[in-house]
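Visitor: Please take one part of this model and look at it closely. I would like to know how that part is put together, and then what else in the chain connects to it.

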Amino acid sequence: MKYLNRISGALVVFLLFQGLFVPLKAAHASSQPSKISAEAAALIDVASGRILYKKNADKKMRIASLTKTMTAIVAIESANLSDVVTVPKSAVGVAGSSIYLKQGERLTLEELLYGLMLRSGNDSAVAIAEHVGGSVPGFAFMMNEKAAMIGMTHTNFTNPHGLDDSNLHYSTAEDMVKLSAYALKNPEFQKIVSTKVKTISWEGEDWGRRLLNKNKLLFMYKGADGVKTGYTRLAKRCLASSATRDGRQLAVVTLNAPDDWQDSMSLLDWGFKQFQPVKVVQKGEPVEPEVTIERKQDDLVFVTMNEFNYPLTEEEVPSIQSKVQLFERSAVPAMIGKHVGFLQIYLGSALIGKVPLTVQQTATGVHINRHVPAFVNTIWEIMAGGILRA
């Protein structure tokens, strides 16, 4: 396919001409970040879901309290934060990190979530699990359902806290960074994990529980806004972190990382410098076919229904290509205002996104350049008719 295989610098010129290209900062001098101590790590662009860096990212490993990211998002999505939870006996005295819950004590689900994510309370995890899932096994089932929905293909949860209770509780750096990105899109989750200090109730005491977030990155890295620390004797040091700069949010997961704070900062720095957001497609952009489509009127055009942005390095920009698929070979006038297909966006041969297309009538006197497609390397494929121009 000559159009797919062509890599043209003209794309950059065209995007500049259209005002769609966001200039890239100079790429990092190194194509890879500095030495990372973690046994496994992954870096993701939260908005697009693009994995920017991997190191043993598909290796199944123990994840310690990073588990609580899933506990929190399942609880937030499945129950009301204002629910009043009565602490069960099973939640009292759970090993490891604790907010020292007492049997019969009453807290809101929101308060328990702050105890879970700021102080890594294992007792909070059990109280949340029993309230939301009816039991720890019931809640673990909900966790695994959510993992499957997110696309965490190498993950299995058996508990809500991540304590080393079996070899059946595991995940990977890539799966966990996907989870971080998913959870960070929830405003309630984002608010909780970005909180540095929080005071919650302490029934029977004259003062509240003052919770200082264990995530030191919130205090030492510009723009840090999440996510969760973790440690067990077998899992070693684990960290899920995130930061937002200039409206861009990146997230990192490191597993068994002796120098976890530095690993996260190095990966975030590298990601912010190496990749920049590019507006690849603008909403309402006219797209012209390279095959003859019956239009009957010269003022009818295919246009994109929304914009598409993607993080790219400077070197990757010329590799952006596109391919248009229409649902059927109807006469164009019959398609006005309808969703008629997609502009598929590729980085090299990898599909990175789809933009829906419709047909619009241009304003009188507006000239559409029918010789310059939205992408220099566009291919038009009519799905129903099986026509491919290549």
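Guide: Two strands pair if DSSP finds at least two bridges between them. Strands here are DSSP runs of E of at least two residues, and helices are runs of H or I of at least four, both numbered from the N terminus. The model is predicted, so to speak of local features a pLDDT of at least 70 is needed, side-chain atom pairs count only at pLDDT 80 or more, and totals for chains, interfaces and linings use all residues. Residues are numbered from 1 along each chain as its sequence is written, and side-chain values use heavy atoms, with hydrogens and water left out.

The part to look at is an open sheet of five strands, running in the order β2-β1-β9-β8-β7 with antiparallel pairing. Its two edges are β2 (51-55) and β7 (224-232), each of which has a pairing partner on one side only. Direction ignored, neighbouring strands of this sheet are turned by 5 degrees against each other on average, where axes are lines fitted to C-alpha atoms (for helices over the stretch in contact) and angles between N-to-C directions run from 0 to 180 degrees.

Start at the β2 edge. Strands β1 and β2 are antiparallel and are joined by four bridges. In this pair, I44 has I51 of β2 as its bridge partner. The two strands form a hairpin with five residues between them, and G49 in that hairpin adopts a positive phi near 80 degrees.

On to the next pairing. Strand β1 covers residues 40-45 and pairs with β9, residues 248-255, in the antiparallel sense over six bridges. Within this pairing, V253 of β9 is the residue opposite A42.

Strand β2 also has a link by side chain. K54 forms a salt bridge with E174, with the closest N and O atoms 3.4 Å apart; a salt bridge is a side-chain nitrogen of Lys or Arg within 4 Å of a carboxyl oxygen of Asp or Glu. This pair connects distant parts of the chain, since K54 is in strand β2 and E174 is in helix α7 (residues 173-184), 120 residues away. E174 counts as buried, at 16% relative accessibility (buried is under 20% relative accessible area, exposed over 50%, partly exposed in between, with a 1.4 Å probe and protein chains only).

Helix α7 in turn has a helical neighbour. The axes of α7 and helix α3 (residues 67-78) come within 10 Å, crossing at roughly 35 degrees. On the α3 side the residues involved are T67, T69, M70, I73 and E77, and they meet M176, L179, Y182 and A183 of α7; contact means heavy atoms within 4.5 Å.

Then there is helix α8, where Q190 lies. Leaving aside residues up to four places away in sequence, Q190 touches L184, D225 and Q249. One polar atom of the Q190 side chain is 2.9 Å from the backbone oxygen of D225. The C-alpha atoms of Q190 and G226 are separated by 7.3 Å, although these residues are 36 apart along the chain. Q190 counts as buried, with 17% relative accessibility.

Helix α8 (residues 187-193) also holds K191 and E188, which are three residues apart, or about one turn of the helix. Their side chains form a salt bridge with an N to O distance of 3.4 Å. K191 is partly exposed at a relative accessible area of 40%, and E188 is partly exposed too, at 30% relative accessibility. Both belong to a network of salt bridges that links them with E110.

For the wider setting, the whole structure contains 12 salt bridges. One of them joins K279 and E307, whose closest N and O atoms are 3.3 Å apart. K279 is in strand β10 (residues 276-281) and E307 is in the loop between β12 (300-304) and β13 (308-312), so this pair ties together parts 28 residues apart in sequence. K279 is partly exposed, with a relative accessible area of 25%, and E307 is partly exposed at 39%.

The protein as a whole has 10 helices and 18 strands. Of its 390 residues, 52% count as buried. Among contacts between residues at least 6 apart in sequence, 66% join residues at least 24 apart.

Conventions
A polar contact is a pair of N or O atoms within 3.5 Å; within protein, one must be able to donate a hydrogen and the other to accept it, and residues adjacent in sequence count only if both atoms are side-chain atoms.
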